[in-house]
Amino acid sequence: MNENILGLVAGGITSVAMLPQLIKVLKQKDVEDLSLLMILFLILGLSLWVWYGFIKEELPIILSNAFAVLVNICLLICYLKYRKK
């Protein structure tokens, strides 16, 4: 199997991992069980992977992690919007 295809498939699967959580939060408007620190660290780590992908010129790394960053930024926005003050 072509390593770029493998990278895209693996990256795609891990990138959508947080989508069910985001969908649940959007439906229920409840972020009580989410950890702000976890979301922030995840965004930071994924952003570093994107940077690494650019350095290595690896499109699968860039695309999959950039998508995951966007999903987690949406989750962060929901967290800030729906948290109980």
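**Four helices, starting from a loop**

Okay, let's start at D30, which sits in the loop between α2 and α3. One thing to say up front: this is a predicted model, so please hear everything that follows with that in mind.

Why do we call D30 partly exposed? Because its relative accessibility is 36%, and the partly exposed class runs between 20% and 50%. Now look across to K84. In sequence, D30 and K84 are 54 residues apart, but C-alpha to C-alpha they are 8.9 Å apart in space.

Right before D30 there's K29, also in the loop between α2 and α3. What's the backbone doing there? Phi of K29 is near 55°, so we have a positive value in a residue that isn't glycine. For background, most residues other than glycine have a negative phi.

K29 has company. E57 isn't a glycine either, and its phi is positive too, at about 55°. Where is E57? In the loop between α3 and α4. With a relative accessibility of 70%, E57 counts as exposed, because the cut-off for that class is over 50%.

Let me zoom out for a moment. How many helices and strands do we have? The protein chain comes to 4 helices and 0 strands, and read along the sequence the pattern is α-α-α-α. If you put a box around the C-alpha atoms along the principal axes, you get roughly 45 × 20 × 15 Å. Of the 85 residues in the protein chain, 29% are buried. The chain exposes about 6,100 Å², and carbon and sulfur atoms supply 68% of that.

Here's a number for the contact-map people. Take contacts between residues at least 6 apart in sequence: 73% of them join residues at least 24 apart.

A few C-alpha distances go with that picture. K24, in helix α2, is 59 residues from R83 along the chain, and their C-alpha atoms are separated by 14 Å. K24 itself is partly exposed, at 43% relative accessibility. Then there's K56, over in helix α3. K56 and L34 are 22 residues apart along the chain, yet their C-alpha atoms are separated by 33 Å. K56 is partly exposed as well, with a relative accessibility of 47%.

Okay, helix packing. How do α1 and α4 sit relative to each other? α1 covers residues 3-15 and α4 covers residues 59-82. Their axes come within 8 Å and cross at roughly 10°. That crossing angle makes α1 roughly parallel to α4, because anything under 35 degrees goes in that class. On the α1 side, the contact is made by N4, G7, L8, G11, G12 and S15; on the α4 side, by P60, L63, S64, N65, F67, A68 and V71. What's the chemistry of that contact? Its residues divide into 6 nonpolar, 7 polar and no charged.

S15 deserves a second look. S15 belongs to helix α1. Is S15 buried or exposed? Buried: its relative accessible area is 5%, and the cut-off is under 20%. Setting aside neighbours within four places in sequence, S15 is in contact with S64, N65, F67, A68 and V71.

Last topic, the nonpolar cores. As general background, nonpolar side chains in soluble globular proteins tend to be buried together. The largest core here has 13 residues, and the ones that touch the most other members are V25, V31, L34, I39 and L75. Which helices feed that core? α2, α3 and α4 each supply at least two residues, and α4 gives the largest share, with 6 residues.

So where does L75 reach? Not counting neighbours within four places in sequence, L75 is in contact with M18, Q21, L22, V25, L34 and I39. Apart from the largest core there's another one, of 5 residues, including L46, V50, A68 and V69. And A68, you'll remember, also turned up in the contact of α1 with α4.

That's my tour, so over to you.

Terms used: Residues are numbered from 1 along each chain as its sequence is written. This is a predicted model: local features need pLDDT of at least 70, side-chain atom pairs count only at pLDDT 80 or more; totals for chains, interfaces and linings use all residues. Side-chain values use heavy atoms; hydrogens and water are left out. Buried means under 20% relative accessible area, exposed over 50%, partly exposed in between (1.4 Å probe, protein chains only). Contact means heavy atoms within 4.5 Å. Axes are lines fitted to C-alpha atoms, for helices over the stretch in contact, and angles run from 0 to 180 degrees between N-to-C directions. Angles under 35 degrees count as roughly parallel, over 145 as roughly antiparallel, 65 to 115 as roughly perpendicular and the rest as oblique. Ala, Val, Leu, Ile, Met, Phe, Trp, Tyr, Cys and Pro count as nonpolar, Asp, Glu, Lys and Arg as charged, and the others, Gly among them, as polar. A nonpolar core is a set of buried Ala, Val, Leu, Ile, Met, Phe, Trp, Tyr and Cys residues joined through side-chain atoms within 4.5 Å. Accessible areas come from the Shrake-Rupley method with a 1.4 Å probe; for residues, only the protein chains shown count as cover.
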